[in-house]
Amino acid sequence: MKTMKIEIEQRELKNALGVLGRVMPTKNTMPILECVHFDVRSDAVLLTACDSDMCRLEIECSATADATGCFCVSAAVLSRALAPISDQMLTLQLTENRDQITVRHKDGEFSMPTEDASVFPELKEEAYDAEIVLPKGDVLTHTMWAASGEELRPQMTAVCVSPNGDNTDFVASDGHVLVRSTVKGYKAERTMLISRKAAGLIAALTTEGSTIQSNRTRLFAQLGHARLWAQLVEGAYPNIERVIPKEHKMEVVVPRAATIAALRQVLPFGAEQSRASTLVKLTFGKGVLTIEAEDTNFQRKASSRVAIDYDGEEFCIGANGQRTVEVLSNMPSERVVILLINESRPMIFVPEQQSEDTEVLMLQMPMLLNN
């Protein structure tokens, strides 16, 4: 066995390691899963990271090598070592027995041990019988933020991708906020529950023409120079149509940026119901929205006003201020329509003008006001 020499761009390797690090488990019982797997070809290197059987990501990087073969190295150590190096061509040199690698750059070099690639989990080949072409834009990014972080209800931690006539719905909800993005002209063949981790990777790596293939338990996504395999979340997703009101009594148009700024101004003065839940009072009056927050325990309060389009009777509703900021921040429109029924029913948020490709609806449950 002879030595192996690889030439690769620092930026490309660093960026790939940054994405692959999102796949690796935070709690790990298999040391090899802390490593990135290098599959060296003559004109490319395939870098792979995996989270046991749940998620596996492979990224192809342009490179030249004088030999082929596989090895593993610590992803964290390599990432930290590459971080301060300027963008340049790197030379990776492996010893004859492939147990040590030296990385040379114009200002110096560093060496580190390699790990046996044979113990890295192998890819389980599967057949897939359904496919969807991913839409352009950030539909997953603007949907998955609403997914729950509570593992006790795994279905709610996922993004639900399901057929809706000739269109496809992307839905996420934590029970307090719900997002539904209906992509026109892209029809899913079956419902998939994509984990938040997998959805985030797909969103980060999607290019034009990217596809997702699936069977009943797993998905495979072809994302340009990256390929992702991931376990689908098991179970049935709740029927969201039951919670989306079909009618409303009031319609308000608010400026997105000004409303976010007003909410952020009053939030520090509100009473925290939990670490991520501060109660705010929204009062919709003729031409003005008044946002108030108060914490009687510390004798502090604040209010802020925003000019709006509304000519109806005054109406008050309580809301989680942080979540309202998130809803408005993910709205693809500078003017947002809020549909209201009463103080105990959900608030519906939609863009004033929907795009030709995607219809967005967001729902937020109200909070009880302290009278």
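A polar contact, as I use the term here, is a pair of N or O atoms within 3.5 Å; within protein, one must be able to donate a hydrogen and the other to accept it, and residues adjacent in sequence count only if both atoms are side-chain atoms. I work with a predicted model, where local features need pLDDT of at least 70, side-chain atom pairs count only at pLDDT 80 or more, and totals for chains, interfaces and linings use all residues. Residues are numbered from 1 along each chain as its sequence is written, and side-chain values use heavy atoms, with hydrogens and water left out.

**Entry 1: overview**

I began with the whole protein and found 6 helices and 25 strands. Helices (H or I, at least four residues) and strands (E, at least two) are DSSP runs, numbered from the N terminus. The C-alpha atoms fill a box of roughly 80 × 50 × 35 Å, taken along the principal axes. Of the 371 residues, 51% count as buried. For me, buried means under 20% relative accessible area, exposed over 50%, and partly exposed in between (1.4 Å probe, protein chains only). I then looked at contacts, meaning heavy atoms within 4.5 Å. Among those between residues at least 6 apart in sequence, 66% join residues at least 24 apart.

**Entry 2: helix α6**

Next I turned to helix α6, residues 321–329. At its start, a side-chain oxygen of N320 reaches to within 3.1 Å of the backbone nitrogen of Q322. The buried residues of α6 are G321, R323, T324, V325, V327 and L328. I picked T324 for a closer look, and its relative accessibility is 3%. Not counting residues up to four places away in sequence, T324 touches L263, A319, F349 and Q364.

**Entry 3: an open sheet**

F349 led me to strand β25, where M362 stands opposite F349. Strand β24 (residues 347–351) and strand β25 (residues 358–364) run antiparallel and are joined by 3 bridges. Two strands pair if DSSP finds at least two bridges between them.

I then traced an open sheet of 8 strands, with antiparallel pairing and the order β13-β10-β11-β12-β25-β24-β23-β17. Its edge strands, each pairing on one side only, are β13 (192–195) and β17 (250–255). Neighbouring strands of this sheet are turned by 20° against each other on average, direction ignored.

Which strands does helix α4 lie across? I noted β10 (158–164) and β13, with α4 (residues 196–205) running at about 85° to β13. Helix α5 (residues 256–266) packs on the sheet too, touching β17 and β23 (335–340), and its direction makes about 85° with that of β17. For these angles, axes are lines fitted to C-alpha atoms, for helices over the stretch in contact, and angles run from 0 to 180 degrees between N-to-C directions.

**Entry 4: nonpolar cores**

A nonpolar core is a set of buried Ala, Val, Leu, Ile, Met, Phe, Trp, Tyr and Cys residues joined through side-chain atoms within 4.5 Å. The largest has 99 residues, of which I6, F38, L57, I194, L282 and F284 touch the most other members. Strand β4 (residues 55–65) gives the largest share of this core, 6 residues. Apart from it lies another core, of 17 residues, among them A158, L178, Y237 and I348. I also listed partners of F284 beyond four places in sequence, including V252, L289, I308, Y310 and I338.

**Entry 5: cysteines and E115**

How many disulfides are there? I count 0 disulfides, taking a disulfide as a pair of cysteine sulfur atoms within 2.5 Å. The nearest cysteine sulfur to that of C35 belongs to C72 and is 5.7 Å away, which is too far for a bond. C35 is buried at 6% relative accessible area, and C72 is buried at 0%.

Both cysteines are touched by E115, which also touches I32 and F71, not counting residues up to four places away in sequence. E115 sits in the loop between β8 (108–113) and β9 (130–133) and is partly exposed, at 41%.

**Entry 6: two positive phi values**

Most residues other than glycine have a negative phi. I noted R98, whose phi is near 60°, and Q299, whose phi is near 50°. Are these residues buried or exposed? R98, in the loop between β6 (89–94) and β7 (100–105), is buried at 16% relative accessible area. Q299, in the loop between β20 (288–295) and β21 (300–307), is exposed at 78%.
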